[in-house]
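User: Here is a model I would like to go through with you. Please start broad, then settle on one part.
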Amino acid sequence: AASSVAVAAQAKRVGVYVMLPLWTVADDGTLNSDTDNWLAGIKDTGADGFMVDVWWGLTEKTPEVYDFTPYVQLVNKTEALGLKVQMVASFHQCGGNVGDDCSIPLPEFVKSNKGIWYTDEQGHENVEYVSLWADDVKLNDGRTPLQMYRQWFQALNATFASSLGRTIVELQVGLGPCGELRYPSYYAANGWSYPSYYA
């Protein structure tokens, strides 16, 4: 009876994943030098794996040229340790929000566009994420944001095809400023502070 209880408990078990730092991959495309220590620590704790942001601003610096090299290195290290990965497709910038301890901008070819950003009633633009209302607007390089996202995911799929569903067990999509599906009406860089109203 005790063994059947243990089997039932194992079947209902919830995986434990640790979030890696936002700056796991540096702006120059290298893995943080502490990565091996972090992964060994995660393995030692008995956690199932980790979650990592895969930044658009680091993986497509030039239109339609994709470089997932540091993330491939990370997945290879993960496989060697028998850990699992939850990837977050981060189409927003890092920096300027609560908890942001680094700066990872959007690709420059995206940032150079006008009129595609969330804008408040005073005309302040929030350039940390392309507005959802601009999904079908052709940008300077001739693609719409939706086409850009689709091509990025195709490149991700081609790069990690052998790991998807095995080592990479989840893919989340960050939508909106700070990766959250919200209108950025409380954007601190434009003057908002808690508690207050800021449209």
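Among contacts in the chain between residues at least 6 apart in sequence, what percentage join residues at least 24 apart? Then take a close look at helix α4 (residues 69-81).

Analyst: The answer is 66%, with contact meaning heavy atoms within 4.5 Å. This is a predicted model, where local features need pLDDT of at least 70, side-chain atom pairs need 80 or more, and totals for chains, interfaces and linings use all residues. Residues are numbered from 1 along each chain as its sequence is written, and side-chain values use heavy atoms, without hydrogens or water.

Some context for α4. The chain has six helices and six strands (DSSP runs numbered from the N terminus: H or I of at least four residues, E of at least two). From the N terminus, the order is α-β-α-β-α-α-β-α-β-β-α-β. Of the 199 residues, 41% count as buried (under 20% relative accessible area with a 1.4 Å probe, protein chains only; exposed is over 50%, partly exposed in between).

Now the helix. α4 has 13 residues, which should span 18 Å at 1.5 Å a residue (1.5 Å times one less than the number of residues). Its end C-alpha atoms are 19 Å apart, in agreement. After α4 comes G82, with a positive phi near 75 degrees.

Five names make up its buried set: P70, Y71, L74, V75 and T78. Down the axis of α4, these buried residues fall within an arc of 140 degrees, so they line one face. The arc is taken over directions from the helix axis to the C-beta atoms. The general rule is 3.6 residues a turn in an α-helix, so residues three or four places apart point the same way.

What covers that face? The cover of the buried residues of α4 includes helices α2 (35-45), α3 (56-59) and α6 (145-160), along with strands β2, β3 (84-90) and β6.

Those strands lead to the sheet. An open sheet of four strands runs β1-β2-β3-β6, with parallel pairing (strands pair if DSSP finds at least two bridges between them). Its edges are β1 (17-19) and β6 (168-174), each pairing on one side only. Three bridges join β1 to β2 (residues 49-55). Y17 has G49 as its bridge partner in β2.

Last, the cysteines. A search of the whole structure finds zero disulfides (cysteine sulfur pairs within 2.5 Å). For C94, the nearest cysteine sulfur is that of C102, 3.5 Å away, too far for a bond. C94 is buried at 2% relative accessible area. C102 also counts as buried, at 18%.
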